[in-house]
Amino acid sequence: MSEALLELEDVVSGYDELQVLWGVSVAVMPKRLTTLVGANGAGKTTLLRAALGSIRVWSGRVRFEGEDVTRLSAYQKAARGLVLVPEGRQLFNDMTVEENLELGAYTARARPDYAANLERVFTYFPRLKERRKQKAGTFSGGEQQMLAVARGLMASPKVLIIDELSLGLSPLLTQQLFGTLADLKNDGLTLVLVEQNLHLALALSDYAYVLAEGRLHSEGPSREVANDPDVRKAYMGM
Amino acid sequence: MYKMFAGVLLALGVILPGMALAQKTITIGFTTSETGKLNADAAPQLRGFELWRDQVNADGGIKAGGTQYKVALKHYDDQSSAGRVQQLYTRLILQDNADFLFSPYSSGLTSTAAVVSEQFGKIMITTGAAEGKTYKLGNRYLFQMYTPADEYLTSALQAIKSKDPNAKIALVYSNDGFSKGAADGAAKAAKSMGLNVVLTESYAPNTTDFGPVINKIVSSGANVLIGGGHYADGSTLARQLYDKKSNLEFISLLVAPDIPKFASLGKAARGVTVPSQWEPTVAYKPDFGPTPEQFREMFQKKYNTLPGYHAAGGYAAGLVLQHAIEQAGSIKTPAVAKALNAMDATTAYGHIKFADGKQDHGLQVGHDMVLAQWQKGDDGKLHSKVVWPKSAANAKLVFPLTTYHQ
Amino acid sequence: MIFDLTASVINGVLVGAIYGLAAIGLTLIFGVMNVINLMHGATIALGMFSLYLLTTAVGLNPYLAIVPVLLGGFVFGVLVYWIAVHRVIGSSDLMTLLATFAVNMIIIGVGTAVWTTSPYNVDVSVPQLAISMHGYTIPGTQIVAAVLAVILATLLYGLLYHTRLGKAIRAVANNRAAAELMGINTRWVLAISFGIGIAVAAGAGVLIATLFPFTILSGANYELKSFVVVVLGGLGDPAGAMLGGIVLGLIEGVTAPFVNVSWTPVIEFTLFVIILVLFPAGLLAFKWGRK
Amino acid sequence: MGSQVILKRPTFWIILLATLAFALVPALTGNLELRENLLLGAVYIILASNLNLMIGYTAYVNFGNIAFFGLGGYIGLYVVNVLGWSLWPACLIAGVVVSLLAFILGTGILRLRGAYFALATIGVNEAVKAFVTNFEPFGGASGMYLSFSSFNALGGARHALWLAYFAIVVLMGLSLWLSLAIKNSRFGLGLFAIREDEDAAMVLGVRTPRYKSLVYAISAFIPAVAGTLFFFKNGVILPDQAFDLTLSIEAIVMLMLGGQGTVIGVALGAFAYEQLRGFLLVSSTFSQFQLVVAGVLLLLIVLFLPEGFMGWVYRHLPRLRRVIE
């Protein structure tokens with residue numbers, strides 16, 4: 001019996017006949033920022049998909065709040081508060097900012113908090129408030145990423161998983177968004193960050209998992225992982 | 001046990017050949033449109049065939065040369081499409097050993113079937129295949145029951161001329177083979193009769209919205225309309241002419257108003273005329289077979305509805321074939337064909353005579369069309385009355401319709 | 001000539017509104033799940049026959065009959081979705097085309113067996129509303145049908161843009177994977193969208209049947225028109241479909257005085273192909289620069 | 001592909017045998033009913049296997065395939081009936097003209113992909129049909145009726161129909177051989193690349209627009225010639241029959257049934273489908289519900305056997321993939 005909020009146990013999965021994950025275990029502690037790092041193609045996104053239920057878990061288990069949720073589909077997990085901000089934003093481009101946020105709060109859990117959540121995300125991202133009637137597809141990359149995070153927050157998440165937050169953003173914008181994440185953590189939100197940008201991710205997070213070729217390479221408190229010479233050499237070019 | 005079985009076999013062996021001697025069967029093969037868009041028109045024709053068969057068989061069969069032949073009909077669904085017609089007619093001839101053939105419904109399918117029937121030298125009585133073209137391709141064994149398409153609207157034009165020689169005529173027809181043939185014939189006839197056609201317009205056969213067409217009729221200033229096509233478009237046109245208060249004084253549409261169901265249009269049907277191959281109320285004196293009245297009663301008894309001309313044409317096709325076989329005293333094709341070529345007789349369906357030239361063999365030249373009109377009877381219901389020619393009429397043509405619709 | 005043209009334009013707009021409604025059913029299904037619904041025409045025909053049954057057997061007012069038809073159409077659509085479509089959603093275009101075509105064959109087959117292919121007619125008239133001018137008359141039924149078509153389209157628009165369900169439907173249309181992540185049960189949204197598309201098509205069938213006689217095969221004609229309409233309005237865009245329908249009606253009305261009406265289909269379908277090639281997103285969507 | 005290589009392929013010999021069987025069995029037995037059955041089977045095989053070049057090899061769903069057949073019929077019959085030429089040059093003219101038209105049309109509509117292309121092909125078929133219905137030189141709505149004397153030029157109706165039949169059987173063999181040859185050529189490889197991922201194919205140097213237009217034009221040729229022969233044999237051509245959208249869709253059903261992208265599978269699918277429809281039509285039990293039965297069958301295949309009969313065979317006997325293509 002662990003006190004982890006989200007727990008993956010020996011997860012094996014892949015696409016059709018192609019196995020990608022070879023038994024990965026991850027535990028996400030409440031009110032912490034956990035980060036999952038690894039090179040391109042290490043299986044990070046596949047692990048998220050398996051955890052969220054977008055693809056089938058071949059073997060192993062996914063536990064959320066102590067309950068086995070392995071077989072639940074993505075929308076059912078979202079309804080329980082396990083929320084993903086997907087890679088590449090995946091906004092509803094033909095819909096307005098407001099509608100995107102509304103859809104973020106689609107679940108029965110989040111709906112009662114709609115007004116409060118809306119106010120909260122507008123404080124975090126005042127830009128979105130100015131453009132609430134604008135269509136999401138017309139936004140710049142940075143604004144879209146803000147909207148994606150904001151949409152995730154609207155779901156009143158118990159765990160918010162963010163996939164490749166920094167992808168395609170300028171260093172300045174990336175800094176800004178990471179700042180927001182720090183605020184969120186301080187507010188007591190449980191976060192999982194999946195990143196290629198190890199420097200920032202490890203600096204911010206409490207605990208890190210390093211994924212390589214579909215297996216867990218190493219894990220530990222972020223500072224230790226950041227100092228692991230192996231990791232430094234392989235992923236941080238040092 | 002097996003003794004009993006053998007006994008039964010023995011008995012069958014004695015009885016069956018005996019039966020075969022006493023009674024022979026002739027098979028008549030054809031395809032009909034049980035499905036697809038021609039079904040509405042083809043179905044009554046099939047009823048006509050079947051009524052004739054039942055009567056012949058009830059009377060003991062066709063007598064020819066001292067033998068009694070029972071009649072069997074063998075038919076397949078052609079799905080209103082020519083694709084399988086040749087395959088099915090070949091099957092009818094070779095597998096089902098059809099002695100004679102009826103045509104499918106519609107000129108297109110009939111021409112396709114004719115390639116096969118001619119090839120095998122089988123007689124095919126055609127009904128529901130009005131277009132003259134089919135009979136001008138060099139056939140030897142086709143015999144047409146219908147007055148050819150290009151003469152369909154002639155009676156309507158005659159009626160118009162007698163009522164209003166200065167009529168402005170709108171010729172509006174469905175753009176399909178048969179209707180176009182009828183319209184082309186009408187245009188020619190109108191010209192020779194000195195009538196004034198102010199609008200010639202064709203529409204796609206699957207048209208449902210006649211708004212633009214009716215607007216054109218109105219703006220042409222026409223006071224009479226002739227044309228139409230088949231049941232679906234014709235009934236739709238009639239209904240919208242009424243809905244849109246077109247104020248026409250005379251309407252004559254092909255085919256559609258002859259189907260008894262046309263009366264379900266209610267007021268929109270009132271006063272509409274139809275050139276008809278046959279009407280239940282005609283007063284022909286037949287040389288053989290039942291009188292028109294007897295036919296009507298028999299048909300009504302069996303199918304609980306009035307026969308239209310598709311049904312009468314089907315029935316008469318059987319009757320004519322039967323008569324030719326009896327005249328020939330044989331079921332051999334050359335003898336029967338000879339009898340058909342020589343036929344010049346009146347039936348419940350009217351006068352029948354086939355052209356016998358090389359260029360137009362089988363074309364119907366004896367039969368006359370009548371003009372029928374839907375009129376409100378004393379019982380408040382709609383009845384189809386023969387109004388033209390005057391010699392065949394049992395009611396007066398209501399003209400103009402404008403007052404009738406008030 | 002001027003009155004002729006005016007009358008044809010009005011006629012075109014009125015009929016076009018119904019074309020538009022019919023096409024909304026098609027375009028909604030395409031927009032949400034990228035399926036070209038080849039049972040669209042058969043569904044319209046089912047709507048027509050439902051009206052016939054409801055007015056003759058049950059004796060319902062023809063315009064009230066639209067309510068049970070919409071409900072029945074919805075249930076039918078959801079059922080068809082689960083039985084025939086769901087399994088092939090997301091596989092190639094060919095599979096979904098064939099799945100819906102198979103259902104089309106089944107409906108037409110059963111319909112032919114039950115009703116044959118002869119025309120049926122529902123006797124409706126609203127003479128009080130008829131408008132006459134200079135010999136041209138617009139029947140009341142046509143006005144009522146067009147108004148009802150616009151009302152239904154507006155209701156549907158309201159549903160899509162101002163309700164939770166509608167937003168979920170649009171979200172799925174926009175990005176199904178993301179919608180799933182928002183906690184939306186996308187499988188059900190697909191089924192419901194299919195149901196709505198079918199219901200609207202059946203409803204359009206009812207309106208058409210109040211105007212014109214019909215057979216079980218009549219729907220095919222409206223299916224082809226719906227294709228033209230959705231291409232005009234932009235595939236997958238319900239608001240565009242209504243406009244596209246009216247444009248098509250206008251084309252039919254405006255060309256009629258100048259050419260023989262049997263040429264209308266030639267013009268329609270040639271235009272259809274040209275627009276599709278030059279403006280695949282639809283003429284109307286092109287204006288907003290959307291792809 | 002060199003001719004030596006193709007001679008080594010078992011599929012080539014299967015095609016040759018099947019073609020010979022189609023031609024000889026009815027001829028030697030003199031069974032005309034069998035001939036009529038096989039004729040429709042052969043026409044369906046022609047339609048399905050040429051359509052397969054588009055759908056099976058290139059993944060472009062062409063609903064308007066029947067327009068080639070119908071237009072070919074019209075052009076051919078025009079040449080025979082109005083110009084009074086003999087049947088054989090008429091066939092050739094029909095094939096060439098329709099292919100050229102297809103090539104020109106293809107450069108336009110093949111820019112569309114997926115459902116958009118499918119819709120455009122429906123539009124093309126309807127536009128051509130509507131046009132021909134109004135086009136007086138082709139007889140407009142009345143169509144064209146062939147005089148029985150046209151058969152006399154070929155030695156009388158009986159003889160002419162046999163000739164038309166043999167010609168169609170040869171076309172069937174050619175269609176299948178063409179499918180096989182393309183499948184095993186560089187051209188075919190390019191087409192398969194388009195099927196798998198058109199953008200990637202373009203990057204790899206496949207001139208996709210040229211390839212697509214070419215295969216579209218090729219897939220038009222034999223159906224157009226077959227159209228001339230078929231309607232010649234029918235003796236009459238009408239717009240409704242020539243441009244029957246349902247037959248177009250049925251051709252897709254046939255190639256699905258057999259397994260899209262295969263050569264023999266598609267032929268089997270077409271033949272089986274033709275036999276099934278024919279059986280349902282003349283069967284007293286099913287004739288009322290033939291459409292329903294066909295629909296249910298199609299649905300079951302789409303849902304549970306999407307790779308078709310050949311796909312199923314390959315799955316269970318993978319070695320056959322090389323023997324029967």
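Let's start in chain A, at the loop between β6 (82-85) and α3 (97-104), because that is where A:Gln90 sits, and A:Gln90 counts as partly exposed at 30% relative accessibility. The phi of A:Gln90 is near 50°, a positive value in a residue other than glycine. Keep in mind that this is a predicted model.

Chain B has a residue of this kind too. B:Asn247 lies in the loop between α8 (231-243) and β10 (250-254) of chain B, and its phi is near 60°, again positive in a residue other than glycine. Is B:Asn247 buried or exposed? At 52% relative accessibility, B:Asn247 counts as exposed, the cut-off for that word being over 50%.

Staying in chain B, look at the loop between β15 (382-388) and α12 (401-404), where B:Pro389 is found. The peptide bond that leads from B:Trp388 into B:Pro389 is cis, with omega near -5°. B:Pro400 lies in the loop between β15 and α12 as well, and the bond from B:Phe399 to B:Pro400 is also cis, with omega near -5°. As background for these backbone details, most residues other than glycine have a negative phi, and most peptide bonds are trans.

Now for the domains of chain B. The domain assignment splits the chain into domain 1 (2-147 + 282-353) and domain 2 (151-276 + 369-388). Taken over C-alpha atoms, their centres are 32 Å apart. Where they meet, domain 1 puts in 13 residues and domain 2 puts in 15. Which three residues supply the most of the area that domain 1 of chain B buries against domain 2? They are B:Glu131, B:Thr147 and B:Tyr309, with 48% of that area. By type, the domain 1 side of this contact divides into seven nonpolar, four polar and two charged residues.

The other interface to look at is between chain C and chain D, where 36 residues of chain C are in contact with 42 residues of chain D. On the chain C side, C:Leu94, C:Leu98 and C:Met105 supply 17% of the area buried against chain D, more than any other three residues. Four elements of chain C give two or more residues to this side: α3 (66-85), α4 (93-115), α9 (219-233) and α11 (264-278). Of these, α4 of chain C gives the most, with 14 residues. Sorted by type, the chain C side has 31 nonpolar, three polar and two charged residues.

Here are the two interfaces in table form.

| Interface | Buried area | Share on carbon and sulfur atoms | Salt bridges | Residue pairs in polar contact |
|---|---|---|---|---|
| Chain C and chain D | about 3,500 Å² | 84% | zero salt bridges | two residue pairs |
| Domain 1 and domain 2 of chain B | about 1,100 Å² | 63% | zero salt bridges | one residue pair |

A few words on reading the rows. Between chain C and chain D, 84% of the buried area is on carbon and sulfur atoms, and the chain C side of that contact has 31 nonpolar residues. For the two domains of chain B the carbon and sulfur share is 63%. The count of salt bridges is zero between chain C and chain D, and it is zero between the domains of chain B as well.

Notes
Residues are numbered from 1 along each chain as its sequence is written. Chains are lettered from A and ligands numbered from 1 in the order in which they are written. This is a predicted model: local features need pLDDT of at least 70, side-chain atom pairs count only at pLDDT 80 or more; totals for chains, interfaces and linings use all residues. Side-chain values use heavy atoms; hydrogens and water are left out. Contact means heavy atoms within 4.5 Å. Buried area is the accessible area (1.4 Å probe) that two parts lose on being put together, summed over both. A salt bridge is a side-chain nitrogen of Lys or Arg within 4 Å of a carboxyl oxygen of Asp or Glu. A polar contact is a pair of N or O atoms within 3.5 Å; within protein, one must be able to donate a hydrogen and the other to accept it, and residues adjacent in sequence count only if both atoms are side-chain atoms. Ala, Val, Leu, Ile, Met, Phe, Trp, Tyr, Cys and Pro count as nonpolar, Asp, Glu, Lys and Arg as charged, and the others, Gly among them, as polar. Domain bounds come from an automatic or database domain assignment. Buried means under 20% relative accessible area, exposed over 50%, partly exposed in between (1.4 Å probe, protein chains only).
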